[in-house]
Amino acid sequence: MTTSDTTVELIDRGLSADLSSAALSLARRFQRGATLWVVSPQWEPHAHHVAVEFVHPVIMGKRALPSVSLVEPDPVAQCRVATRPGDVILAVASAAQPQVRDIMRRAPAWGADTIWIGSGPRPEAGAATHILWVDSDDPMVPATGRFVLMYHLLWELTHVCFEHPGLLDVATAGGADDVCVTCSDEGRLAEVVLVQHDPLDGVLVRTATGEERVDTTLVADVAEGDLLLVHGGAAITRMDPNEGGRS
C-alpha cells in the first residue's frame, strides 16, 4: 500500500477507534437487513470499489453483503429513491462536496445511517453518523492507497463483528434526552414530499419511520424537498439545507 507521504502513520489511534465504531454499527445494520448505498461524485472509482468490496467477498466463508454504487449525475435524487429506513449511505468525498453534504443532511429523514470517508478539512461535528477522515492537506491522498485502506479495514472489521453474534443483538436506542418530557415526542427531521393546495390539510413528509402528514402553520411557504424539524405532529422550523442551520 503506497502513499504520497511515507512518513505519516496511515491509521492513527483516533481513526482506529472511528473505524471500529463504524464497523460495529454497519454490521448491526446489515444484520437487520440493510443495504449499503455508496456515492463518490468526485472520485467515482471509489464508489464502485467500496460496493464490490462488500458484495463480492474475496475471503472464503465471508458473507456477501448488499452494497450498490450510485453514480448517476444526481446522487441526492438517487439516494432519496433507493434508501429505505435502516439502510446506510457511505460517501467518499471532500467535506466541501455539495451533493454529499446535502445527502448527509437529508439521510436522517430517510432513516439511514451515514459514513463519510475523506481527507483535508473535516466536516463539522455531527455531519455524518460516522466520519472516517485522513487529517492531511495533501491533494493526492484520494489517489493513493489511504482511502482504499480505510474501506478495506471497514469491510474486514464488519466481518469481525459478525464473528461475535452477541455484539449484533444489542439494540441501538436513542437516549432519554432526545424525547420531550411533556409529550414524549422527539424533534424529528422530515423531508417534504407533497404540499397540499389547502394548508389546513397539512403536508406529506418523509421521516425515519415512514411517511406522515404534519401541520405547517408555524412555517411559511413550505415547498417540496424542504427539510423541517417536526415536534408533536407539527413543523416548528425549516432547516437550511445549504448551511445546516435553521431558517
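Biologist: Hi! Which strands does α2 lie across?

Modeller: Helix α2 lies across β1, β2 and β3, and its direction is at about 165° to β2. One thing to keep in mind as we chat: this is a predicted model.

Biologist: Good to know. And what does α4 lie across?

Modeller: That helix lies across β1, β3 and β4, running at about 165° to β4.

Biologist: What order do the strands of that sheet come in?

Modeller: The order is β2-β1-β3-β4-β5. It is an open sheet of five strands, with parallel pairing.

Biologist: Which strands are at the edges?

Modeller: Those are β2 (67–69) and β5, each of which pairs on one side only. Neighbouring strands in this sheet are turned against each other by 15° on average, ignoring direction.

Biologist: Can we zoom in on β3 and β4? How many bridges do they pair over?

Modeller: They pair over five bridges, in the parallel sense. If you want a spot to look at, find Leu 90, which stands opposite Ile 115 in β4.

Biologist: Let me step back a bit. How many helices and strands does the protein chain have?

Modeller: The chain comes to six helices and ten strands. It has 247 residues, and buried ones make up 46% of them.

Biologist: And what about the surface? How much area does the chain expose?

Modeller: About 12400 Å² is exposed, with carbon and sulfur atoms supplying 55% of that.

Biologist: Now the inside. How many residues does the largest nonpolar core have?

Modeller: That core has 33 residues. Those with the most contacts inside it are Leu 36, Phe 54, Leu 90, Ile 117, Leu 132 and Leu 154.

Biologist: Which element gives the most to this core?

Modeller: Helix α5 does, with nine residues. Several elements supply at least two residues each, including α1, α2 (44–55), β3 (88–92) and α5 (146–162).

Biologist: You mentioned Phe 54. What is it in contact with?

Modeller: Leaving aside neighbours within four places in sequence, Phe 54 touches ten residues you can click through: Leu 26, Phe 30, Leu 36, Arg 63, Ala 64, Leu 65, Ser 67, Leu 154, Trp 155 and Thr 158. There is also a second, separate core of 25 residues, which includes Cys 79, Ala 93, Ala 128 and Trp 133.

Biologist: What about His 152? Where is that one?

Modeller: His 152 is in helix α5. Its C-alpha atom is separated by 9.2 Å from that of Phe 54, although the two residues are 98 apart along the chain. Apart from neighbours within four places in sequence, His 152 is in contact with His 49 and Glu 53.

Biologist: Why does His 152 count as partly exposed?

Modeller: Because its relative accessibility is 24%, and partly exposed covers values between the buried limit of under 20% and the exposed limit of over 50%.

Biologist: Makes sense! New topic: how many salt bridges are there?

Modeller: The count comes to nine salt bridges. One of them joins Arg 29 and Asp 113, with their closest N and O atoms 2.9 Å apart. That pair links distant parts of the chain, since Arg 29 is in helix α1 (residues 13–31) and Asp 113 is in strand β4 (residues 113–119), 84 residues apart.

Biologist: Is Asp 113 buried or exposed?

Modeller: Asp 113 is buried, with a relative accessible area of 15%.

Biologist: Which residues are linked in a network of salt bridges?

Modeller: The network links Arg 80, Asp 102, Arg 106 and Glu 191. Within it, the side chains of Glu 191 and Arg 106 meet at 2.8 Å, N to O. Glu 191 lies in strand β6 (residues 188–195) and Arg 106 in helix α4 (residues 98–110), so this pair ties together parts 85 residues apart in sequence. Both residues are buried.

Biologist: What does Glu 212 meet in a salt bridge?

Modeller: Glu 212 meets Arg 188, at 2.9 Å from N to O. Glu 212 is partly exposed, at 22% relative accessible area, whereas Arg 188 is buried at 16%.

Biologist: Last one! What is the phi of Asp 221 near?

Modeller: Phi is near 55° there, a positive value in a residue other than glycine. Asp 221 lies in the loop between β8 and β9 (227–231), and it counts as exposed at 71% relative accessibility.

Notes. Residues are numbered from 1 along each chain as its sequence is written. This is a predicted model: local features need pLDDT of at least 70, side-chain atom pairs count only at pLDDT 80 or more; totals for chains, interfaces and linings use all residues. Side-chain values use heavy atoms; hydrogens and water are left out. A salt bridge is a side-chain nitrogen of Lys or Arg within 4 Å of a carboxyl oxygen of Asp or Glu. Helices (H or I, at least four residues) and strands (E, at least two) are DSSP runs, numbered from the N terminus. Buried means under 20% relative accessible area, exposed over 50%, partly exposed in between (1.4 Å probe, protein chains only). Accessible areas come from the Shrake-Rupley method with a 1.4 Å probe; for residues, only the protein chains shown count as cover. A nonpolar core is a set of buried Ala, Val, Leu, Ile, Met, Phe, Trp, Tyr and Cys residues joined through side-chain atoms within 4.5 Å. Contact means heavy atoms within 4.5 Å. Two strands pair if DSSP finds at least two bridges between them. Axes are lines fitted to C-alpha atoms, for helices over the stretch in contact, and angles run from 0 to 180 degrees between N-to-C directions.
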